[in-house]
Amino acid sequence: MQQRVLLIANAQSVWVKELIRCIHVPLGHQVSLLTFNFVSPELEAFYQQTGTELIKIGQRTGIRGKADKAVKLFAFAAEHCHAYDLIILHSPPHSIQASFLAKALQRMDCKTITVFWGSDIQAIFKKDAKKMECILKQSSAINLSTEPMRKAFAALFPAYKVMPIYQANFGSPAFSFIDEAEHKYSRVECKEHFGLNPQKMCVAVGYNGKSSQQHIMAIRALSKLAVEDKRSLQMLIHMGYGGQQDYIRQVEAEAEKSGIEYKIIPHMLDMDEIALLRRATDIMLHAQTNDALSGTVRECIYAEAILINPTWITYTEFDEMGVSYVKYTSFDDIAGCLRSVLTGKTVIDTEHNKRLMATRFSWEAVRPAWLDMFEAVALQNQNSSKR
């Protein structure tokens, strides 16, 4: 019998789109997608093509908008008691919305998996966790894809250590696009596409517009390089989402002072463009405050860029797999790390790294873990699994 699955998630997210395309559709699920977000016509068309029922619970903002969403959510829950074999809540909130969702889940009374995405568990405090606990009480299982996420969960929710926890990872949607870009274009052509100098090494500084990427500190660290090293480099600063205009201007001002050629891309890119961007990147300088095995980092490695990563972000999975990358402890170390790469003192086998990424993080590679989780939760006894 076809499994009836309700996803509660941001329908505008590429990760939700790829989960449906690469996980739920191949597994033959009958998918409904409940969202509180705006959905573009292009994505609406995609969901229609895949047979996904799109349920939009209001798009208004402000207090009235929140009240409207709550009313519609409760009405939906009342009409869909026991209607699904499985509910999957993605990236749970730690706001008043959490209590509304928890009440709706309780009313629907279906097996529920809560899937954390990273910042929703690694960038919150105890008071935020307390607001989220009502959702855990309605969950049959939790998915935490990385070791840092599992550690954060254990610290924030010690009372839930006996809850079933799974480790199904997200595949990387850009891999196939990167393969296509590699087949069609050289690295030189990819750099020229973005107006970059094809004769210079391209260092990507961060990958979105959020201040948590610590662009300014990273740029200041690069500015300490010797003049001859600066001449061989250019910075690529993609701030496609999450960036405030004031912050983007501050980053641009810092880049201007650095003495290094730079290119700022302040807008979102589609997957074809993302693939070209990854291929244009020679070095990925990561300085984010926290991370949960970022898709962008995996994409850069898959595109054979060299990762320079801070020790405050631990990639246990990479280390266990044998992925080779450069580590630094403080911003003062960055110039030396980069100098070592430029002079050939530090050598990274980027082709081997790419093969490792493909065997571990393609959607085909991660699908069995998702299937195992779905089947295990489906077999749970409803009464004993709910707290």
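Asparagine 309 belongs to strand 12, which spans residues 306–310. The model described here is predicted. With a relative accessibility of 0%, asparagine 309 counts as buried, because buried means under 20% relative accessible area. Residues up to four places away in sequence aside, asparagine 309 touches His286, Tyr315, Tyr325, Val326, Lys327 and Tyr328.

A second buried polar residue is glutamate 18, which lies in helix 1. Glutamate 18 counts as buried at a relative accessibility of 4%. Beyond its neighbours within four places in sequence, glutamate 18 is in contact with Ile23, Pro173 and Trp363.

The table sets out the two residues.

| Residue | Element | Relative accessibility |
|---|---|---|
| Asparagine 309 | Strand 12 (residues 306–310) | 0%, buried |
| Glutamate 18 | Helix 1 | 4%, buried |

Helix 1 also leads to a sheet. This helix, residues 14–24, lies across strand 1, strand 2 (30–35) and strand 4, and runs at about 170° to strand 2. An open sheet of seven strands follows the order 3-2-1-4-5-6-7, and its pairing is parallel. Strand 3 (53–56) and strand 7 (165–166) stand at the edges of the sheet; each has a single partner strand, so one side of each is left without a neighbour in the sheet. In general, strands of a sheet pair through backbone hydrogen bonds, either parallel or antiparallel.

Within this order, strand 1 (residues 4–8) pairs with strand 4 (residues 86–90) in the parallel sense, over four bridges. For valine 5, the bridge partner in strand 4 is leucine 86.

Methods:
Residues numbered from 1 in each chain as written. Predicted model: local features only at pLDDT ≥ 70, side-chain atom pairs only at ≥ 80, totals over all residues. Heavy atoms only, no water. Helix = DSSP H or I, 4+ residues; strand = E, 2+ residues; numbered from the N terminus. Buried < 20%, exposed > 50% of the residue type's maximum accessible area, 1.4 Å probe, protein only. Contact = heavy atoms within 4.5 Å. Pairing = 2+ DSSP bridges. Axes fitted to C-alpha atoms, helices over the stretch in contact; angles between N-to-C directions.
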